[in-house]
Amino acid sequence: MNKMAPPKDRAQVEEVIDEASGKVYLPPCQIACPIGMDIQRTHGMIALLPLDAQEAYDQIIRMGDEIYQKNPLFPICGYICGLCEAECNYKDQTGTIRRRMLLRFLSDYYLPYLETKPALASPTKEKVAMVGGGPAGLMCAYILSKKGYRVTIIERSSELGGALRYIPQYRLPTNIIDTTLNNLVRIAHIDVKYGIKMGDGEKTLDDLKNDGYRAVFIATGTLIPRPLTIEREPVVGVELDGVVFGLNLLFDVNQGKVSPQLFQGRRVIVVGGGNVAFDVARTARRLGGDVSIVCLECEEKASKDGIPADVEEIEGGSEEGIGITYSRGVEEIIGEGGKFKKIKCPQCTSVFDENGLFNPKFNYSDVVYLEGDVLLVTIGQAPERTFYQQEGLLDERGRLNIDQLTLMSNRKEGVFIGGDVRRVGFAAEAMRDGMIAAESIDRYLKGKNLKSGREKGHESAPIPSRENYKPQPELVWAPVEERLNFEPFEKGFSLEQAVEEAKRCLYCGPCRSCKACVALELQPEIPEIELDKDLCISCGNCAFYCPYQAVKLDSPGGVSFDLAYCKGCGLCVAKCPAMALELENWERERISDLISQLSSEVQSPKILVFRCQWTVCPPRDGEFAPNIRTIDLPCAARVDNLHILEAFQKGVDGVLVAACPEEDCHRGSGSREAQRLVAKLKERLDQIGFEDRLHFCSVSRRDPEQLDKELRQFRQRIEAVVSQREGK
Amino acid sequence: MIVTAPKPLDEILDSICPYRKVLIAGCDGCTQPPRGIREAKTLSQLLELGGKLRGKDFQFKVTTVVKQCDSFLTASALKPQMDGAEAVLSLACGAGVQTIAELFPDLPVLPAQNTHFIGVEDREGGILEERCTACGDCLLARTGGICPVTRCAKGLLNGACGGARNGKCEMDPARDCAWELIFQRLEKQGKLDLLKEFRPPRNYQLMAWRLTP
């Protein structure tokens, strides 16, 4: 189609709200993402990247800039977070879309550019302080700075990042954290005060007030490793030499305080079954140790007592030679000469009770002893609550007394609390708390209602189906013998791999909350279906053929469209026998006008191509040769026999329909239906002596030469037809 | 639905050949296969192209009727469109074609479809199948809702012929044995005793040619 660059705001995503329930429709990945990143939109954009790296670069940077607006820590998320993948609708088919790897792909392009990214406008509004420079505090500071507040982060250590600094470098390289955070501080004009401790006779909240801060967000994380207990009593022997908290090891290793051969020739036992325990075990393995894990949980991940660590961690650890002893607790740590020697491990018969609470049960008659030189305890962390107590922020049972919707303290106005200290979770969950607090602080300082309109439910749209589900790409890890060091061992996606993977996405969410195609200027806006009820004959074709369940048959007659589900493919329009439907921007008239215009200007032998807009991107200028013209359609599904015949009537000699291969079709059935339509029409054209004038071809973006090749062949055929006709 | 199939285009071209101005009348009555305005327009385009190759310059006008078998509806829909038409090409079943022919006795009315049967549509499989021969003596109440008159190749009324193999008809292995289907349905409904009842040979006098509604 003739495209005009859409104004910027038209490409912005919209909230699609179900009128009846008031719930917001989103794809499940986006609902799963704690900060609600526009996942479908980025997948749509990656899927349409040009395969030439140079050409793709600008587009990727623009994409990164857009993601950055919502999530300035995304270059880090691409290495560590895959929460969205757990909800992906592809999971039950051939495996989730590898969103984390796609984000990392963007991150690897974007990080070098980040150094030159312009800073935000200098903030001028009230001063706000964040206590704690982890993901929650950083996120809150960034959003408030964008809103014009002067932000300060008070950090007790000498660097920002909080819990991110505990993640082993083979998973998250230090330079990724440093580049992301240093630039964030610069871009958002964050004033960071290092080495300042709150509480314990040092700084208080009143001090911050006196310093002119009008609101405070406290997110101090969980610094204290949880000690081993059995039957709610501390396990004896923790004071022995060689018994260490795993968390401390991780921090020391990242700080470069540990010899690379620390555990050479030593047997290391790690207690714990979570991801952090695996971080500790795999770190110890990289320090030369002979490592094994012992955990309460059992091997069957799906059971209520299943091991909580990610499958990738368990597989990776096993490849690296880390054995796991499942379903064992630690009853006693036994030493010899003040040094750790072994642990006594009774069988764990149940971890969680019927209420889902952590309440392990043991069979003390079934006991094994595990011997080792070092014991690393990694069974969780707890917050340091003294400061909160001193400030009177806890309730009588010692819990944080905050409003869970706004995160404001119920005890002190203008004080907000979030992140791990509120509930231990993933980095992205802490970032969500930072987002919530920033919104609350903005409202608080403007004197607005803190709560109104903030409670939103989410709902997934019906899952689009496919005839063929493409296999999930394997993660590529360096072989074990090459990866027992602190270099990242997971290979990132190449441009081509990223495009292929993004193309697997089913685009489960509504178009209006995505608009990738609009942002890429494929179409000026999301087209709507218009129904002329007077023409409708209630045949139900639209409802039957719609790939998205967007059409409902009404009783006793007629149909209604749910535009939240409609993706504007136009299949219903092509299938409507009563011509009662129109697709906005691709109206019959408009396509007819284009056919008239193109057929009059194109040279003989005249060839017209109806092309699915997803087959080639960026769209070429529509000209291949003086005798070929192209009309782009929203999907091959919108190819209409009326338009094909109209082209012939207007003197076009040959019509080519170019669609995506069936398995790549964004709409599931669009390409297949177009193929059927062409086959049927060809049969009838043959009956009147119009043989060989119409051709269907599927062209893949994987092979950009393919369309040119198809066109060359088709052109030869049409030339032959025309010369034969003229010879007659 | 009355199931029809498009006539070959060269046959239609032959039939409209003597005329220049032709009205193509679609019918929305039976929705499958679609014979409405889109098909009328598609047909006009195809015939125009085919006409050109034969050196013929047709002038088509296209329209559609809610139900061509209803003479009142058809008259009111077509009368305003008829101006100057030398012939009408109807996309309806034989009943529709004859309705127009009766309404406009001076005009040649030509069928664009071959009418096959009263049937049902399976959109999933893209198939239309016969379900009723309009025998005038419906016995579906006693055969579990499956019509042996249409679906049994021999039109038997008192059970299977014995020639079926693996549930398929001996005349055409693609076709299910209607009596086997009837047996299974009645067995499921616990009404096998219905089969014990003798049915006299079909009375062709019951096939009415005129009724008062």
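Here are some notes on strand 25 of chain A, the domains of chain B and the contact between the two chains.

1. Ground rules. This is a predicted model, where local features need pLDDT of at least 70, side-chain atom pairs count only at pLDDT 80 or more, and totals for chains, interfaces and linings use all residues. Residues are numbered from 1 along each chain as its sequence is written, with chains lettered from A and ligands numbered from 1 in the order written.

2. Strand 25 of chain A (residues 607-612) is mostly covered, with 6 of its 6 residues buried. Buried means 20 or more other C-beta atoms within 10 Å of the residue's own, with C-beta atoms placed from the backbone; strands are DSSP runs of E, at least two residues, and helices are runs of H or I, at least four, numbered from the N terminus. A:Ile607, A:Val609 and A:Arg611 point one way, while A:Leu608, A:Phe610 and A:Cys612 point the other. In a regular strand, side chains alternate between the two faces of the sheet.

3. Strand 25 of chain A runs parallel to strand 26 (residues 628-633), joined by 6 bridges, and parallel to strand 27 (residues 654-659), joined by 5 bridges. Pairing takes at least two DSSP bridges. A:Cys612 partners A:Leu633 in strand 26, and A:Leu608 partners A:Val655 in strand 27.

4. Now the chain contact: 18 residues of chain A touch 19 of chain B (C-beta atoms, placed from the backbone, within 7 Å). Helix 20 (641-649) of chain A gives the most to its side, with 6 residues.

5. Chain B splits into domain 1 (2-117) and domain 2 (133-205), with bounds from an automatic or database domain assignment. Their centres, taken over C-alpha atoms, are 38 Å apart.

How values were computed:
A residue is buried if 20 or more other C-beta atoms lie within 10 Å of its own, exposed if 12 or fewer, and partly exposed in between; C-beta atoms are placed from the backbone.
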